[in-house]
Amino acid sequence: GVLLGLSGGIDSAVAAAVAADALGAEKVLGVLLPSRHSSRASTVDAEALAENLGIRTVTLPILPLQDAAEAALVPVMPLVAPARTDWQGSLEVSGNLQARARGLLLMALSNATGRMLVNTGNKSEVAVGYTTLYGDSCGGYAVLKDVYK
């Protein structure tokens, strides 16, 4: 079987639909990974998608992992980037920690269950560098690798 992160967006929806069609809904696990930036609407959309496809879901909040990573950086950042006092909550640091927390947890679930993680990134995102290495780019197969946004 496979698993994938369900964001409530079109990319994860298409990847989930392809996986369910190719393997059967019973072989697909959708993982909702809410963060401080997740809207209720995106969660509702992801849950509705899973119900429509007949796939099982689990919810795994990433906020504790993201907060722990940021806390670990607090004592080190003044030493390595003293001029950068605005790093907490910044897109470059916090946003990428969010994506990497998702990737870390999805890969752990993949390892624990024997399911292959399916990457939900599309060709447009990869072309312009909009995916996070070791985060959104995690996965054994990229369903949308040749599909433009």
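So, Y134: you'll find this residue in the loop between α6, residues 123-127, and β5, residues 141-142. Keep in mind that this is a predicted model. What is phi of Y134? It's near 65°, a positive value in a residue other than glycine. For context, most residues other than glycine have a negative phi. And is Y134 buried or exposed? Exposed, with a relative accessible area of 58%.

Okay, on to the strands. β1 covers residues 2-5, and its side chains split two ways: V2 and L4 point one way, L3 and G5 the other. Which of these are buried? All of them are. 

Then there's what β1 pairs with. On one hand we have β2, residues 28-32, running parallel to β1 and joined to it by four bridges. If you want a spot to look at there, L3 stands opposite L29 in β2. On the other hand we have β4, residues 116-119, which also pairs with β1 in the parallel sense, over two bridges. There, V2 has M116 of β4 as its bridge partner.

How do you get from β1 to β2? Through helix α1, residues 10-23, and together β1, α1 and β2 make a right-handed β-α-β unit.

Hold on to those elements, as they come back in the pocket. The largest pocket has about 1100 Å³ of space in it. Which elements give two or more residues to its lining? They are β1, α1, β2, α2 (that's 40-53), α5 (91-113) and β4. So the β-α-β unit I just walked through, β1, α1 and β2, is in that list from end to end. The largest share comes from α5, though, with nine residues.

In total, 43 residues line this pocket, and the ones nearest its centre are S7, Q98, A99, R102 and D136. What's the mix by class? We get 15 nonpolar, 22 polar and six charged residues in the lining.

Last topic, salt bridges. How many turn up in a search of the whole structure? Five. Let me take you through some of them.

One is between the side chains of K149 and D11, at 2.9 Å, N to O. Why pick that pair? Because K149 lies in the segment after β5 while D11 is in helix α1, so the salt bridge ties together parts that are 138 residues apart in sequence. The two ends sit in contrasting surroundings, too: K149 is exposed, at 63% relative accessible area, whereas D11 is buried, at 13%. And D11 belongs to α1, the helix of that right-handed unit.

Then have a look around R84. Its side chain meets D86 in a salt bridge at 2.4 Å, N to O. The R84 side chain also meets E92, at 2.8 Å, N to O. Put those together and R84, D86 and E92 are linked in a network of salt bridges. As for accessibility, R84 counts as partly exposed at 29%, and D86 is partly exposed as well, at 49%.

To recap, then: β1 pairs in parallel with β2 and with β4, the largest pocket takes its largest share of lining from α5, and K149 and D11 tie together parts 138 residues apart. And if you've got the model open, go back to Y134 and look at that positive phi in the loop.

Technical notes: Residues are numbered from 1 along each chain as its sequence is written. This is a predicted model: local features need pLDDT of at least 70, side-chain atom pairs count only at pLDDT 80 or more; totals for chains, interfaces and linings use all residues. Side-chain values use heavy atoms; hydrogens and water are left out. Buried means under 20% relative accessible area, exposed over 50%, partly exposed in between (1.4 Å probe, protein chains only). Two strands pair if DSSP finds at least two bridges between them. A crossover is right-handed if, with the strands pointing away from the viewer, the path from the first strand over the helix to the second runs clockwise. On a 1 Å grid over the protein atoms alone, a cavity is a set of points where a 1.4 Å probe fits but cannot get out, and a pocket is an open set with protein on both sides within 12 Å along at least five of seven lines; lining residues have an atom within 4 Å of a point. Grid points are joined across faces, edges and corners, and a volume is the space filled by probe spheres set on the points. Ala, Val, Leu, Ile, Met, Phe, Trp, Tyr, Cys and Pro count as nonpolar, Asp, Glu, Lys and Arg as charged, and the others, Gly among them, as polar. A salt bridge is a side-chain nitrogen of Lys or Arg within 4 Å of a carboxyl oxygen of Asp or Glu.
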